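Biologist: Before I go back to the bench, could we go through this model together, taking the strands, the rings and the cores in turn?

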Amino acid sequence: MSNAKERKHAKKMRNQPTNVTLSSGFVADRGGKHHNGGGKTFQARKHEPYSGTSQQRQTKMTHHAPPEPDVNEQSCSKVMFKKKGGWKAGSEGTSQEIPKYITASTFAQARAAEISTMLKAVTQKSSNSLVFQTLPRHMRRRAMSHNVKRLPRRLQEIAQKEAEKAVHQKKEHSRNKCHKARRCHINRTLEFNRRQKKNIWLETHIWHAKRFHMVKKWGYCLGERPTAKSHRACYRAMTDRCLLQDLSYYCCLELKGKEEEILKALSPMCSVDTGLTFAAVHCLSGKRQGSLVLYRANKYPREMLGPVTFIWKSERTPGGASESRQLWIWLHPTLKQDILEEIKAVCQCTEPIKSAVCIPDPPLTPSQEKSPMELPEEKIGRKRKRKDDGENGNPIKKVIGDGTRDPHQPYSWISPATGIIISDLTMEMNRFRLIGPLSHSILTEALKAAFVHTEGEDTEKTPHHWWIETCKNPDSVSLHHRQEAIFKLLGGITSPAEIPAGTILGLTVGDPRINLPQKRSTVLPNPEKCQDNEEVRQLLLEGVPVECTHSFIWNQAICKSVTENKISDQDLNRKRSELLVPGSQLVLGPSESKIPILLIQQPGKVTGDDRRGWGSGWDVLLPKGWGMAFWIPFIYRGARVGGLKEAIVHSQYKRSPHIPGDFPDCPAGILFAEEQAKTLLEKYERRPPAKRPNYVKLGTLAPFCCPWEQLTRDWELRVQAQEELSVASCPGGEESDLRRDDVPCAPLPEMTRQLSDEVGSSLNDSSEPEGVMDTECPAQAGTGWVTGEDRLLCVLRSRPSLKQLSAWCGPSAGDGRVARRAPGREQQELTREACLAILDRFPRALVWVSLSLLRKGSPEPHTMICVPTKEDFLQLSRDRLYCGPQESKHSDPFKSKIREEKEKKKIEKRKNRGHAVSEGLVGEDSAAGRQALTLGLWSGPLPVVTSHCCRVLLGFVTQGDFSMAVGCGEALGFVSLTGLLDMLSSQPAAERGLVLLRPPASLQYRFARIAIEV
């Protein structure tokens, strides 16, 4: 206790000067070894005899006068003695230590020093807090920080001195900078260029970043969804108005060469069985845009690379097949690398071209190529004057296009054998998509055809020499007028779906910033333009003529000139402010920019019988650097902007697969599925076990991914086992008659139930797994036709086969809402031979299907598509409001193992507390070798997925939600081709096409109708 008291006392006296420290008490306690100014201790002075006369004593005192004040000063205060209760004043010390006489002057000086030290300690604050922060909370006021008079009077003087310090003074802002420039401490252009090194920014990135949730995908920084609630508003825009999207992140590959060589090289990568190819007549002439699916050379129907769209440049002289042609292939960025390598292989383009036209001049050289060694030469901490453009080099340029490109890396390749040149034009053009019926009105209002220069105008100072040369050619001027007339006709067409799919229109327009309205408004179609005349009817029937598809955007030199000679917004606003009448039309004359663009019609929904043409619109291709100049005028005419989420909704309502998630046989689709499963798993593990579903008890084997390979393999083994079982139950002589009979290939329901019990018995018997389960045993038990390269997973894209399946999926009788068209003359009946003919060509194949719920329910991704039983159909026929059966809860065989592992970890942790570090590392390695178990998820290889639940699994849903277009839940997904044929052949004709849907986190099955739209 005494030591604590000593430390507390020492802490209090640490700031006191030595001449006023009350150390006499401590000296007395420590043996009195503290010396005074005369060099003798207090005890020596105490025991010194005072003998002699008073005069002698006076002389003696005078002799010791210099050291005496310190003795008196130290002994005048109360003496503290260390007793049991702490430091206390004692009578013994008082009688022994107080001197009998003092010197007044020295005593006053010592007390003055104490008083000054005390005042200094009071006035000088020992913390970093301000004066008003030392007040009690009930005395504080909001304005104390800047109004001294709010403080108490005794503290106002101190607060005034604090406010006068330089730290609390406001910094004087430079008057030659605006408010935005003062907020930015560095050059914003330089900072933006630096931030684009890892992820490419689109030209509309800054606009999106202020209004959208941004995500980093595929090497780009893209807007995912608006920050405002706009899901329903975006659907209304796609349906009734206009939705705008920036698709500039799509990649473009250019092929130059002879038409015959290009078609010969690309023909092995596509198949006529899937639809049109690069050699389609309308597409080859440059009149229409085509779309197809690319495969590795001669690998159809497997090893798919991805879907693409393509455009041929129109021929100036029709019939000249030997002339050089240009082909643009547009594809998703996730597909670019695989498709580019395959095209280079089939075209034999191995030699790179270093000086290619498509390689952009690196605009970041003046700013970002500045070496770090040059920066310290400038004085840091001082304001640097803004250097003019002509003083010390070029100004900092904004990155336009692909800022991540390496100038030394080739982006063009040539083939010595065929002469084909492949160029990568990624980010060399902007691509905007307008969806909705108001696309025509917005395009015709925002864009105006460029004015044709006459001979009398002064065109010497204009930088657009390419347009001046074009205007000198009468044929080019005539073609420009024809394109302008067709463009104006678009304003009289109510919907883009009325125009032939993939129509292309070339045009040269003026600067759209000049016609920008002062306020944002919604453009409505003009009834006067909507007239049924001969020109409109011809446009709707035949489309745009081939000559009018010509555009200067195909010329890279012209595009580069248009980008470099763009008038800046600052100069444009300055000229607008110099107008005599504010708000009047700005006329730039020959100095106005001329921009070549290309308009491409997007057909929208082209499959099925309902809502044909929904989601149609136009794509606008324009040179780089002009993105925001076109983006803002479109928005000011009433276009609503959507992001990646709206693109998924658009494809879902069109019932078309979305890239890359709906392409499971594509490398990009497989990678997307793995990343999505990893993200969902991390999100699942972040929640505690009591707040997340137990998928093992719900009977969901794969809640975050779709095991397509295992699904197709299990169905193949299941059908094979059914055939063996049916052959074993029949006499040997009747086998050939059974195969020749035109009966469905499905066995009896009793036989199917018996087979499902046999296949699922292995899972039920091994309900207590040993950590690793052998799922390859069923495959090894089958025959040899299961193995081999031909058994790889593929998606059925053969149009004849899809049409056949579409006719089989529809019921033969029923109400008008669910009835499908009956098989036509060329369609076959659902027989065993027809099923085997499809399965022989496409074993282990998946089929893209659309599902519509009969009753309530909203499907979600990874929802299971199951086959209903006869009892389900019987219950549905009795009660039309019957929702569906329910899955019984499963047992969790991993719960006990997880508990055992936790107990083992606790025991090991207790044992390893006192062990060496090496032993702990060995224990960690052994624990990491074992597979971690997660409560609620199936661990180890999956068992047979088809017969794990009470209803046989048919497929999975990849997209699903409540559809505002239909008013019920709709879903899109894939099913096994083998399972689909088996289900259709076993269902009654009136109920054919009915399936059951069950979400991963639910036990309730719901009825839905399956359809295949071609």
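**Strand β5 and its partners**

Modeller: In this predicted model, Ile200 has its bridge partner in β5, and that partner is Tyr220.

Biologist: In which sense do β3 and β5 pair?

Modeller: Strand β3 covers residues 200–201 and is joined to β5 over 2 bridges. The sense of this pairing is parallel.

Biologist: Which residue in β5 is the bridge partner of Val215?

Modeller: Strand β4, residues 212–217, pairs with β5 in the antiparallel sense over 6 bridges. In the hairpin of β4 and β5, which has 2 residues between the strands, Trp218 takes a positive phi near 55 degrees. As for Val215, its bridge partner in β5 is Leu222.

Biologist: How many residues of β5 are buried?

Modeller: Strand β5 runs over residues 220–226 and is mostly covered. Of its 7 residues, the number that are buried is 5.

**Rings and charges**

Biologist: Why is the pair of Phe192 and Trp201 called tilted?

Modeller: The structure holds 24 aromatic pairs. In the pair of Phe192 and Trp201 the ring centres are 5.5 Å apart, and the planes meet at 55 degrees. Planes under 30 degrees apart would count as stacked and those over 60 as edge-to-face, so an angle of 55 degrees makes this pair tilted.

Biologist: Is Trp201 buried or exposed?

Modeller: Phe192 has a relative accessibility of 25% and therefore counts as partly exposed. Trp201 has a relative accessible area of 9%, and since the limit for burial is under 20%, Trp201 is buried.

Biologist: Which residue lies over the face of Trp413?

Modeller: A charge over a ring occurs at Trp715, where Arg718 lies over the face at 5.6 Å from the ring centre. Over the face of Trp413, at 4.2 Å from the ring centre, lies Lys344.

**Nonpolar cores**

Biologist: Which strand gives the largest share of the largest nonpolar core?

Modeller: The largest nonpolar core has 65 residues, and those with the most contacts inside it are Val847, Leu851, Leu977 and Leu980. The largest share of this core is 7 residues, and it comes from residues 845–853, which form strand β20.

Biologist: How many residues has the other core that lies apart from it?

Modeller: Within the largest core, Leu977 is one of the residues with the most contacts, and the residues it touches include Leu796, Phe842 and Val847. Apart from that core lies another, with Leu253, Leu294, Trp312 and Leu340 among its members, and its residues number 48.

Definitions and conventions:
Residues are numbered from 1 along each chain as its sequence is written. This is a predicted model: local features need pLDDT of at least 70, side-chain atom pairs count only at pLDDT 80 or more; totals for chains, interfaces and linings use all residues. Side-chain values use heavy atoms; hydrogens and water are left out. Rings of Phe, Tyr and Trp (its six-membered ring) pair if their centres lie within 6.5 Å; planes under 30 degrees apart count as stacked, over 60 as edge-to-face and the rest as tilted. Buried means under 20% relative accessible area, exposed over 50%, partly exposed in between (1.4 Å probe, protein chains only). A charge sits over a ring if NZ of Lys or CZ of Arg is within 6 Å of the ring centre and within 35 degrees of the ring normal. Helices (H or I, at least four residues) and strands (E, at least two) are DSSP runs, numbered from the N terminus. Two strands pair if DSSP finds at least two bridges between them. A nonpolar core is a set of buried Ala, Val, Leu, Ile, Met, Phe, Trp, Tyr and Cys residues joined through side-chain atoms within 4.5 Å. Contact means heavy atoms within 4.5 Å. Lists of a residue's contacts leave out its neighbours within four places in sequence.
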